[in-house]
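Q: Could you take me on a close look at the cysteines in this protein, and then at the empty space inside it? I am new to reading structures, so please go step by step.

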Amino acid sequence: MPSVGTLAFDEFGRPVLILRGQESKKRLFGIEAHKSHILAGKAVADTLKTSLGPRGMDKCMVSPDGDITITNDGATILSMMHVENEIGKLLVQLSKSQDDEIGDGTTGVVVLAGALLEQAEALLDKGIHPIRIADGYELAAKVALDHLDKIAESYPLDLKNLDPLVNTAMTTLGSKIINRCQRQMAEIAVNAIMNVVDMERRDVNFELIKVQGKVGGRLEDTMLVKGVVVDKTFAHPQMPKEVRNAKIAILTCPFEPPKPKTKHKLDITNVEDYKKLREYEKEKFTEMIKSIKDAGANLVICQWGFDDEANHLLLSQELPAVRWVGGPEIELIAIATGGRIVPRFQELTADKLGFAGHVYELDFGTTSEHMLCIEQCKKSNTCTIFVRGGNKMVVEEAKRALHDALCVVRNLVRDNRIVYGGGACEISCAIEVAKEANKIATIEQYAIRAFADALESVPLALAENSGYSPIKTVADVKSAQIAQNNPSLGIDCLNTGTNDMKSQLVIETLIGKRQQISLATQLVRMILKIDDIRLPGESEE
């Protein structure tokens, strides 16, 4: 093993390991380290800035294997970018935590963090200490969050009128590639959530919603199946393609003769023994099928495979079967149909069968691809969103967009307060934070004012991506907000002729916006406190 360094001893005889290669490291500390971090943060944020809003651009990512992903989802872009810089990696994690917690706003949170770092650079040049900047940002974030609570409106959560939920989901999908069938997708997302929602606990179990995709067809062919869609077909081509009132035996044991558990070897020396073995196998298969029939099942779903002989016997006994169904799908089918997963044929009884009103095969176009659809289940709160699209990229992006929409509707179920989008709430918070800065006597007022300027980065980016003059547009909206005292005025990205986001129905969840400001501020405070860094570079002189 090559040596990693040399061992030396100090004046007290304590060993000190001097690592090799330290002279080839470059050390940055103080203001230089801060500038290096801010530069890295700004570079990542600038990459995402053009993807913000309904007019935002998509990014084309090519993996080392040559797989292409086209997306404008902030978390996806950052997770696929090869970021070497440590501060850049922190922004990647910031976007991921927004995605995990809220599901939407992954681009906005990084743009805001980048703007806060950019503003901090100007303050550092003025000679303000990084800790004072961090403290000022903390105070400003508190003012902004309190103001968001004041301007938030409560949405009625009425299961008979789902329009408010649909409008919020449409805002989320507005910036995605699938926005040409925005309303249809939003309705699918809302119906899926309403299908599995637990109104007593005000929560949604995402395990019960599965998003499946199949290339081919149009985006408009996307549908919500109140049941389970499995990428399998019936085991034998001559089995019926449709079963009504299916009583389903859900098995995790294979259709094959029992084998001793030890390693075994069987030598057959004559024809009679071979025939006996064949008869024994056939007898065992017949017993298995009889036990299924006796339990009253008319459809078998098996986690493992079965050979051609078992398949033929199942066909001759008029017992449709599906084989090689994966573990997660088996569990979902069991939940949906109210059945129990059976590990041994001996344990199969009538009360362990699942029930589905309609099981049928979906076939696609001129290809020989089929999928199995299990509908009208006993417990109908399991559902599958079945996405279609012209190519793999469209299907994958539609899945990501639907995930965002599902998360937003789930957040509204948890907390039904909303704010208006299009940069409206950011401008309103910026006005309030700037007012508050004038009341602060200490040096933190500079950082609070800088925070107000950083909040305007989101509406500025929206205006720029929509083809307007960014500073003029934001200045006009800001003055209109102050004159009319109306916090719902934002950037008219779609050029509809009105800046009132309330009439445009551009709605965002309060919980998502609060999280954006909190997470971005936390991360920037952490970055501002790093003042010493060693990085590979030229040797120190």
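A: Here is a walk through the cysteines, then the inner space, and then a few spots elsewhere.

Please keep in mind that this is a predicted model. Let's start with a piece of chemistry: a disulfide is a covalent bond that joins the sulfur atoms of two cysteines. How many disulfides does a search of the whole structure find? The count is zero.

Two cysteines help to show why. For a pair to count, the two sulfur atoms must lie within 2.5 Å of each other. Take Cys253: its closest cysteine sulfur belongs to Cys302, and the separation is 6.3 Å, so the two are too far apart for a bond. Now take Cys383, whose closest cysteine sulfur is in Cys377; here the gap is 11 Å, which is again too far for a bond.

Are these two cysteines buried or exposed? Buried means a relative accessible area under 20%. Cys253 has 7%, so Cys253 is buried. Cys383 has 0% and is therefore buried as well.

Next comes the empty space. Rolling a probe the size of a water molecule over the atoms shows where empty space is left. In this model, the count comes to one cavity of 30 Å³ or more. The largest cavity has a volume of about 40 Å³. Its lining is made by Gly108, Leu112, Glu426, Leu455, Val458, Lys513, Gln516 and Ile517. If you want to find the cavity on screen, look for two helices: H4 (106-125) and H17 (510-528) each supply at least two residues of that lining. Helix H17 gives the most, with three residues.

Let's move on to another helix. Val196 sits in helix H7, which covers residues 182-196. With a relative accessibility of 6%, Val196 counts as buried. You can also compare positions along the chain with positions in space: Val196 and Gly105 are 91 residues apart along the chain, and their C-alpha atoms are separated by 24 Å.

Finally, let's visit the surface. Leu7, Phe9 and Leu17 make a nonpolar surface patch of about 340 Å². One of these residues, Phe9, lies in strand E1, which spans residues 5-9. Exposed means over 50% relative accessible area. Phe9 has a relative accessibility of 56%, so Phe9 counts as exposed.

Terms used. Residues numbered from 1 in each chain as written. Predicted model: local features only at pLDDT ≥ 70, side-chain atom pairs only at ≥ 80, totals over all residues. Heavy atoms only, no water. Patch = residues over 30% accessible without salt bridge, like charges linked within 9 Å, V, L, I, M, F, W, Y side chains within 5 Å. Areas by Shrake-Rupley, 256 points an atom, 1.4 Å probe, with all protein chains shown as cover. Salt bridge = Lys/Arg side-chain N within 4 Å of Asp/Glu carboxyl O. Helix = DSSP H or I, 4+ residues; strand = E, 2+ residues; numbered from the N terminus. Buried < 20%, exposed > 50% of the residue type's maximum accessible area, 1.4 Å probe, protein only. 1 Å grid on protein atoms, 1.4 Å probe; cavity = no way out; pocket = protein on both sides within 12 Å on 5 of 7 lines; lining within 4 Å. Points joined across faces, edges and corners; volume = space filled by probe spheres on them.
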